[in-house]
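Me: I want to go through this one label by label. Please give me the reasoning behind each term.

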Amino acid sequence: MPQEILERPSGASFFVILSYQEEGILFELKAMAEKRFSKILYESVLLPKWTPDETEKEFAYPGRFTKVLSFKQRIHREELVEKKKECLEFQSLLQKKDQSVLLIPGYVTSHNIVIAKSKDDFHRTYLFQGVYGETIYFFSRSQLVVAESAQNYFREREVSYFFNTLRESYEFNKFKS
């Protein structure tokens with residue numbers, strides 16, 4: 001009988017959702033992120049305004065702009081915790097100029113799109129060091145499906161379209177170095 005084997009999955013595509021008010025913040029974040037993470041591969045158009053969920057309302061005052069930045073370098077899924085910590089560091093620096101800055105890191109795989117959160121909720125999985133993972137989309141029968149528990153923001157047409165395109169790019173480039 002064949003034995004069950006544990007294998008580390010291939011790298012995931014890393015992205016950051018950015019909500020901000022002051023236009024110059026985008027350029028500052030891009031410069032910091034490219035130094036720390038890697039070259040930006042994709043940048044979304046302006047997306048609908050980020051709407052905080054119940055667990056974010058105490059500390060998130062979203063700005064009028066929302067964009068998603070996707071990076072060239074792949075990450076291992078367990079690195080999401082470190083990426084969340086780095087994003088909180090960036091967020092703290094950027095909030096000195098724009099209090100509305102909110103950074104939400106995540107990753108894209110063949111099967112799902114996951115974001116990192118700092119607060120527990122019934123549909124989130126605790127990772128470690130105070131970071132929770134939340135599946136916002138999954139793929140079923142070649143279709144992007146919004147998780148029932150995902151914020152309404154992820155149901156917006158433009159947002160779903162961008163993440164679907166990001167996943168298609170991930171699939172196309174999955175085995176390229």
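Reply: Start with burial. Buried means under 20% relative accessible area, exposed means over 50%, and partly exposed lies in between (1.4 Å probe, protein chains only). Phenylalanine 162 and phenylalanine 163 are both buried. One caution: this is a predicted model, where local features need pLDDT of at least 70, side-chain atom pairs count only at pLDDT 80 or more, and totals for chains, interfaces and linings use all residues. Residues are numbered from 1 along each chain as its sequence is written, and side-chain values use heavy atoms, with hydrogens and water left out.

Me: Why is tyrosine 132 called buried?

Reply: Its relative accessibility is 14%. That falls under the cut-off, so tyrosine 132 counts as buried.

Me: What makes tyrosine 126 partly exposed?

Reply: Tyrosine 126 has a relative accessible area of 45%. That value lies between the two limits, so the label is partly exposed. Across the chain, buried residues make up 48% of the 177 residues.

Me: How many aromatic pairs does the structure hold?

Reply: It holds 14. Rings of Phe, Tyr and Trp (its six-membered ring) pair if their centres lie within 6.5 Å; planes under 30 degrees apart are stacked, over 60 edge-to-face, and the rest tilted. Tyrosine 126 and tyrosine 132 are one of the pairs, at 5.1 Å centre to centre with 65 degrees between the planes. Both values meet the cut-offs, so this pair is edge-to-face.

Me: Why is the pair of phenylalanine 162 and phenylalanine 163 called edge-to-face?

Reply: The centres are 5.8 Å apart and the planes 80 degrees apart. The distance makes a pair and the angle is over the limit, so edge-to-face is the right label. Phe162 and Phe163 also belong to one aromatic cluster with Phe15, Trp50, Tyr137, Tyr153 and Phe154.

Me: What makes lysine 83 sit over the face of phenylalanine 14?

Reply: A charge sits over a ring if NZ of Lys or CZ of Arg is within 6 Å of the ring centre and within 35 degrees of the ring normal. Lysine 83 is at 5.6 Å from the ring centre of phenylalanine 14. Arginine 167 lies over the face of phenylalanine 139, at 4.1 Å from the ring centre.

Me: How do you know that the chain is as compact as a globular protein of its length?

Reply: The elements run β-α-β-β-α-β-β-β-β-β-α from the N terminus. The radius of gyration, taken over C-alpha atoms, is set against a globule rule of 2.2 Å times the number of residues to the power 0.38. The chain's value is 16 Å, close to the 16 Å that the rule gives for 177 residues, so the chain is as compact as a globular protein of that length.

Conventions. Helices (H or I, at least four residues) and strands (E, at least two) are DSSP runs, numbered from the N terminus.
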